[in-house]
Amino acid sequence: MKSDTILYSVIRTEHMIHNDFFLRYLEFEPDETPTGLTFSCRSGGIELCAVRYAKAEITARLRHGAEEAARYRASSLKRKLGLSYRPQKAIMHEHFSFFASQPADELAIFCQTETGVLERRVPIHPYVSPNRYIFPLSGAVLVTDTYPAINSHRWCRNSEFAFDAGAFDETLSHPIIAGAPVFAACGGTVEEVFDGLPDTTGGTDLEEIETQYGEHARIDGNHVLLRHPGGELSLYAHLQKGSIPVAKGQPISPGQQIGRVGSSGSSYIPHLHFHVMLEGIEGPGIPVVFDGLKTICDEPCLLDDTVNLVRADPLSPQP
C-alpha cells in the first residue's frame with residue numbers, strides 16, 4: 001500500500017481549528033484486496049476524526065480511481081501525482097476538511113484485507129511560508145478556483161493551492177482584465193520565462209503548441225517562474241504575448257511588474273493563474289497568505305472561499 005509521502009495542510013482558526021488537507025492517491029498492489037478502510041486524522045497520536053469505508057464503497061472508489069488515472073497523460077504524472085508511472089489500482093482524491101481542537105499532524109491509514117491489516121502513516125505539515133507575499137494584481141479582482149474547489153486545481157500536485165484571478169464588467173460576462181499589469185508576489189530571481197504565444201482562440205491548436213514548445217507552454221502559455229528563499233517558486237501563467245520585461249537569472253523585487261494578463265496556453269478567457277510550489281515545476285504545491293489582501297468590504301481575505309471578490313494594492317508598503 002503506497003500513497004503521498006507528505007500532505008501540506010491549511011490551518012485556519014475559526015472558533016476551533018479548521019484542518020484542510022488532500023490525499024492524492026492510495027495505491028494497492030494487485031494482490032491487495034481491501035475489504036475495509038479507515039483514514040484516521042491524528043494529532044500527537046490522538047485521533048481527532050476518522051473516515052471509514054466498507055467494501056462496496058471501496059469498490060466504487062477504486063473504479064473511480066482507475067477512470068481518473070486513465071485520463072492523465074504519461075508526461076503529466078509527475079506534475080499531477082508526483083509519480084513516474086500510472087497507478088493501476090488506487091483510491092484517488094480524498095479530501096479531509098474538519099474542525100478540531102488542534103491541528104492534525106498525521107494521517108494513519110488502516111486497510112483490512114482477507115489476509116490481515118495493512119497500515120500506512122503519512123505526515124501532515126501545516127505549511128507556513130518563510131516568505132512574505134503580496135497579491136500579484138491590483139484593484140478589484142474576482143479570485144476563483146481556490147483550494148476548497150477541489151475539482152479545479154487541487155487534484156494536481158504542483159498546483160494544489162493555485163487560483164485563477166480575473167475582472168469583469170457589471171454583467172459578469174465580459175472580461176476587462178486583459179493587459180492589466182502582473183506584479184511579483186515575492187522577491188527573488190527569475191527561474192524561467194516563456195513568451196511568444198498569442199492569446200488562445202477557438203482556432204488555436206494546443207496540441208501543435210505542445211509539439212513545438214512542450215507541455216509546459218501548452219498548459220501555462222506565456223509565463224514567468226520566480227524562485228524565492230526557502231526553495232519556493234511562484235508561477236504566473238497565461239500572460240499576454242510580448243508583455244514580459246524580465247529575463248532568466250534577473251533579480252526581482254516584491255511588486256515589480258513582470259508581465260501583463262493575457263489568455264495564452266490552456267486558457268479561454270483573460271485571467272492570471274498563480275500558484276506557489278516547492279522543488280521545481282513538478283514539486284508539491286504549498287499554501288501562502290497575502291499581506292494586506294482585503295475583501296471589498298475591507299475585511300482580511302485568506303482566499304478560503306471558492307469565489308472571492310478582493311481589493312488589492314501590491315504597490316502599497318506593507319506593515
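Colleague: Why is Glu27 said to have no salt bridge?

Modeller: In this predicted model, the nearest side chain of opposite charge to the buried Glu27 is Lys2, 4.9 Å away. A salt bridge requires a distance within 4 Å, so Glu27 and Lys2 do not form one.

Colleague: What makes the link between the side chains of Glu27 and Tyr85 a polar contact?

Modeller: The separation is 2.6 Å, and the cut-off is within 3.5 Å; the pair therefore qualifies. Glu27, placed in strand E3 (residues 16-27), is also in contact with Met1, Pro87 and Gln88, among others.

Colleague: Why is the pair of Phe21 and Phe98 called edge-to-face?

Modeller: The ring centres are 6.2 Å apart and the planes stand at 85 degrees. Pairing needs centres within 6.5 Å, and edge-to-face needs planes over 60 degrees apart, so both conditions are met. The pair links distant parts of the chain, with Phe21 in strand E3 and Phe98 in strand E6 (residues 90-100).

Colleague: How do you know that Phe98 is buried?

Modeller: Its relative accessible area is 10%, and buried means under 20%; Phe98 therefore counts as buried. Phe21, at 0%, is buried by the same rule.

Colleague: What makes Phe163 and Phe290 an edge-to-face pair?

Modeller: Their ring centres lie 5.9 Å apart and their planes are at 75 degrees, which is over the 60 degrees required. Phe163 lies in strand E10 and Phe290 in the loop between strands E18 and E19, so the pair ties together parts that are 127 residues apart in sequence. Leu303 touches both Phe163 and Phe290.

Methods: Residues numbered from 1 in each chain as written. Predicted model: local features only at pLDDT ≥ 70, side-chain atom pairs only at ≥ 80, totals over all residues. Heavy atoms only, no water. Helix = DSSP H or I, 4+ residues; strand = E, 2+ residues; numbered from the N terminus. Buried < 20%, exposed > 50% of the residue type's maximum accessible area, 1.4 Å probe, protein only. Lys, Arg positive; Asp, Glu negative; His and termini not counted. Polar contact = N/O pair within 3.5 Å; in protein donor to acceptor, adjacent residues only side chain to side chain. Contact = heavy atoms within 4.5 Å. Phe/Tyr/Trp six-rings, centres within 6.5 Å; stacked < 30°, edge-to-face > 60°. Lists of a residue's contacts leave out its neighbours within four places in sequence.
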